[in-house]
Amino acid sequence: IRDRWDKDEILARYAQRFRESYFGEGEMSAEWRRAQVNLSKLRDLARSVSVSVGFVVFPMLVYLEEEAYPFADVCACIEEFARAAEMPVHSLLPAYRGRRSSELWLSELNQHPNPLGHVIAADALLPFVVELLQRHEVGRAR
């Protein structure tokens, strides 16, 4: 029981700090604001040379099996930024939801996606990438 309480406490603190890095005031969210500026510059540079840019939201691979994913608001914030910046966006969160998080990790110490995690991402991204490429071809034909 104590281990579960400790785990919940750590998640709560981590989730709060993570959310503050997107929704916090001042220095707490400065990195996200810098990222938005840089992503907008990337979009503009790509457009200037007629290159299509797609924006993919890759969720943290934790608590995916829980009913309430603790970082859904962060994923939504990132998606909203991409839409407002007029960049095609695709979230991988729906593709991962309901799966056992630990089955997607490289290891207990490395929660980056393992081969299964990458297969899920690739399958979910394929229609988005095909559509992006088709839009690019239509744009070039004009």
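What follows is a walk through the fold, helix packing, core and two unusual loop residues of this chain, all taken from a predicted model.

Start with the overall layout. The secondary structure comes to five helices and four strands, and from the N terminus on the elements run α-α-β-α-β-α-β-β-α. The C-alpha trace spans about 65 × 40 × 25 Å along its principal axes. Of the 142 residues in the chain, 32% are buried. As for how the chain folds back on itself, take the contacts with a separation of 6 or more: 69% of them link residues 24 or more positions apart.

Next comes helix packing, with helix H3 (residues 72-84) as the shared partner in two pairs. Two packed helices are described by the angle between their axes and the distance between the axes. For helix H1 (residues 2-23) and H3, the axes come within 10 Å and cross at roughly 20°. That angle falls under 35 degrees, so H1 counts as roughly parallel to H3. The crossing of H1 past H3 is left-handed. On the H1 side the contact is made by Phe18, Arg19, Tyr22 and Phe23, which meet Asp73, Val74, Cys77 and Ile78 of H3. Sorted by character, the residues of this contact are six nonpolar and two charged, with no polar ones.

The other pair is H2 with H3. Here the axes lie 11 Å apart and the helices pack at an angle of about 35°. H2 passes H3 in a right-handed crossing, whereas the crossing of H1 with H3 is left-handed. Trp32, Gln36, Leu39 and Ser40 are the H2 residues involved, and they meet Cys77, Ile78 and Phe81 of H3. This contact divides into five nonpolar and two polar residues, with no charged ones. Cys77 and Ile78 turn up in both pairs: they face H1 residues in one and H2 residues in the other.

Ile78 also leads into the core. The largest nonpolar core has 29 residues, and Ile78 is among those with the most contacts inside it, along with Phe55, Leu64 and Tyr96. Several elements chip in, with at least two residues each from H1, strand E1 (55-57), H3, helix H4 (93-96) and helix H5 (115-141). H3 gives the largest share, at six residues. Tyr96 deserves a look of its own. Leaving aside neighbours within four places in sequence, Tyr96 is in contact with Phe58, Pro59, Leu61 and Leu64, and also with Leu104, Gly117, Ile120 and Ala121.

Finally, there are two backbone oddities, both in loops. Most residues other than glycine have a negative phi. Serine 50 goes the other way, with a positive phi of about 60° even though it is not a glycine. Serine 50 sits in the loop between helix H2 (30-48) and E1. Its relative accessibility is 54%, so serine 50 counts as exposed. Glutamate 86 also has a positive phi of about 60° without being a glycine, and its place is the loop between H3 and strand E2 (89-91). With a relative accessibility of 59%, glutamate 86 counts as exposed too.

Note on methods:
Residues numbered from 1 in each chain as written. Predicted model: local features only at pLDDT ≥ 70, side-chain atom pairs only at ≥ 80, totals over all residues. Heavy atoms only, no water. Axes fitted to C-alpha atoms, helices over the stretch in contact; angles between N-to-C directions. Parallel < 35°, antiparallel > 145°, perpendicular 65-115°, else oblique. Left-handed = near helix turned anticlockwise from the far one by under 90°. Contact = heavy atoms within 4.5 Å. Nonpolar A, V, L, I, M, F, W, Y, C, P; charged D, E, K, R; others polar. Core = buried A, V, L, I, M, F, W, Y, C linked by side-chain atoms within 4.5 Å. Buried < 20%, exposed > 50% of the residue type's maximum accessible area, 1.4 Å probe, protein only.
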